[in-house]
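Me: I've got a structure here and some labels I'd like explained. Could you walk me through them?

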Amino acid sequence: MNIGKNSFRQFLVLVLVICTVALITGCSGTSSEKLAKIPPAQRISALAKPGVVLIYTQISGTVAIPEVAVDPYTGEAYLTGRVQELDVASGVTGSGFIVSSDGYIITNAHVVSFDEKAIKRMLLSAAVEKLAREAGSQLTQQDLQILQNYVFNYGRVVDHKVTITCILGVPVKGVGKIIKGYTADVRKVGKPAPGKDIAIIKIEGKNFPTVKLGDSDKVQVGDKIYVIGYPGAATFHPYLSSVSITEPSVTAGIVSARKMMKEGFEVLQIDAAITHGNSGGPVFNEKGEVVGIATFGSIDYSTWREVQGFNFMIPINLAKEFMKEINIKNKRGPVDEHYEKGLIYYWNGEYRKAIEEFNIVKNLFPAHPYVDEYISKCQEKILEKK
């Protein structure tokens, strides 16, 4: 009798297990089928774009230039003995990606850090441009060259300030995106290429969307990759509305080769298109993990023009070493968790559940660049079904 009871209990347990497995398999199978229809580039960009930022580094300062006047009778130039001071500014744009929900960002060193020579060159160039604008159409090309030579030979930088701003897009219904900027400070910086061209910067806040970091040692030649960033040619195109500035671009390609830098560390060659402005942006594998940092391209030295298809990324494991030195971890937060859940519900056609998740994201981080857009899409889908 006891044996019968045990056998019956075992039978019930077996039935429950089979039913549970069937239920789980059925649910996950349905989800997998729907998710499989989402192209990798679309899936990766949707999940990763909120954690990619546009970086603008402004160098502002005062340039002192000995004042020159022209004798109206002889036409000769002479020094007046006075000094003209010009307030000028110059800037560099690049890309970066948030690696922790408390605001740590990885980018290239050459996007946020400049030596004194570079700062002087940028501010003196800005002074030449300002003086040329003030002169208007009176300057010939020869005059402009003379002005430039004079400013670079006799001008001096009195003071300067470097301001780093990380920009996220904020959706506004019926308007598009307005710019939301967070001032950043440098926490660790390497040397621009050919050095270890990596910088870690910090913005203040919480619940920022982040990206996942992968293992660049596992990357193989021929692997598919996706670059997300802000190439200047597309970000600031004259035909595009200003509301498009905060929308990153996605390019795709493969890993072409593993090569060594003169400084003794490895870089990965890629054929995905990158240009000025992509610097510091993340390069993703097909799992949606960051495996590199878009850093530099190639030049035809006979024409000094860019040659596309032969670009390079710094492996993410090198950036992880920088992170370890200042005790930073790739920490994902609740915003990432609920946003990912919302996207999966959305892709699976469960729009009411998706809205619930997206509303949680909006409450946690109101400046999220894409959550309002997805809430609107979900509401439209629900109305279509009705």
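What follows is a chat about why certain labels fit this model.

Me: What kind of model is this, before we start?
Reply: It's a predicted one. Its protein chain has ten helices and 13 strands, and 41% of the 386 residues count as buried.

Me: Why is Asn-207 called buried?
Reply: Buried means under 20% relative accessible area. Asn-207 comes out at 16%, so the label fits. You'll find Asn-207 in the loop between β6 and β7 (212-213).

Me: And what makes Trp-304 exposed?
Reply: The cut-off for exposed is over 50%. Trp-304 has a relative accessible area of 61%, so it is exposed. Trp-304 is in a loop too, the one between β12 and β13.

Me: What is unusual about phi in Asn-207?
Reply: Most residues other than glycine have a negative phi. Asn-207 isn't a glycine, yet its phi is positive, about 60°. Trp-304 also has a positive phi, near 60°, and is not a glycine either.

Me: How do you know that the peptide bond between Ala-193 and Pro-194 is worth pointing out?
Reply: Most peptide bonds are trans. The one joining Ala-193 and Pro-194 is cis, with omega at about 15°. Pro-194 lies in the loop between β5 (176-189) and β6 (199-203).

Me: What makes a set of residues a nonpolar core?
Reply: The members are buried nonpolar residues joined through side-chain atoms within 4.5 Å. The largest such core here has 35 residues, and Ile-55, Ile-105, Cys-166, Ile-201, Tyr-346, Phe-358 and Tyr-374 have the most contacts inside it. Elements that each supply at least two of its residues include β1, β4 (156-172), α8 (334-347) and α10 (371-385). Apart from this core lies another, of 31 residues, with Leu-54, Ile-106, Ile-245 and Phe-322 among them.

Me: Which residues does Ile-105 touch?
Reply: Leaving out residues up to four places away in sequence, Ile-105 touches several, including Val-53, Ile-55, Phe-97, Cys-166 and Ile-201. For the protein chain, take the contacts with a separation of 6 or more: 69% of them are between residues 24 or more positions apart.

Me: How big is the largest pocket, and which residues are closest to its centre?
Reply: About 490 Å³ of space lies in it. Of its 17 lining residues, Val-68, Leu-131, Leu-139, Leu-147 and Tyr-150 are the closest to the centre. β1 gives the most to this lining, with six residues, and β2 (77-98), α4 (116-135) and α5 (141-154) each supply at least two.

Me: How do the residues lining the largest pocket divide by class?
Reply: There are 13 nonpolar, one polar and three charged residues in the lining of the largest pocket. Val and Leu count as nonpolar, and so does Tyr.

Me: What about the second largest pocket, how do its lining residues divide?
Reply: That lining has seven nonpolar, twelve polar and one charged residue. The second largest pocket has a volume of about 380 Å³. Of the 20 residues lining it, the closest to its centre are His-276, Thr-295, Phe-296, Gly-297 and Ser-298. The largest share of this lining, five residues, comes from β12.

Me: Why is Gly-297 not in the nonpolar class?
Reply: Because Gly is placed among the polar residues in this scheme.

How values were computed: Residues are numbered from 1 along each chain as its sequence is written. This is a predicted model: local features need pLDDT of at least 70, side-chain atom pairs count only at pLDDT 80 or more; totals for chains, interfaces and linings use all residues. Side-chain values use heavy atoms; hydrogens and water are left out. On a 1 Å grid over the protein atoms alone, a cavity is a set of points where a 1.4 Å probe fits but cannot get out, and a pocket is an open set with protein on both sides within 12 Å along at least five of seven lines; lining residues have an atom within 4 Å of a point. Grid points are joined across faces, edges and corners, and a volume is the space filled by probe spheres set on the points. Helices (H or I, at least four residues) and strands (E, at least two) are DSSP runs, numbered from the N terminus. Buried means under 20% relative accessible area, exposed over 50%, partly exposed in between (1.4 Å probe, protein chains only). Contact means heavy atoms within 4.5 Å.
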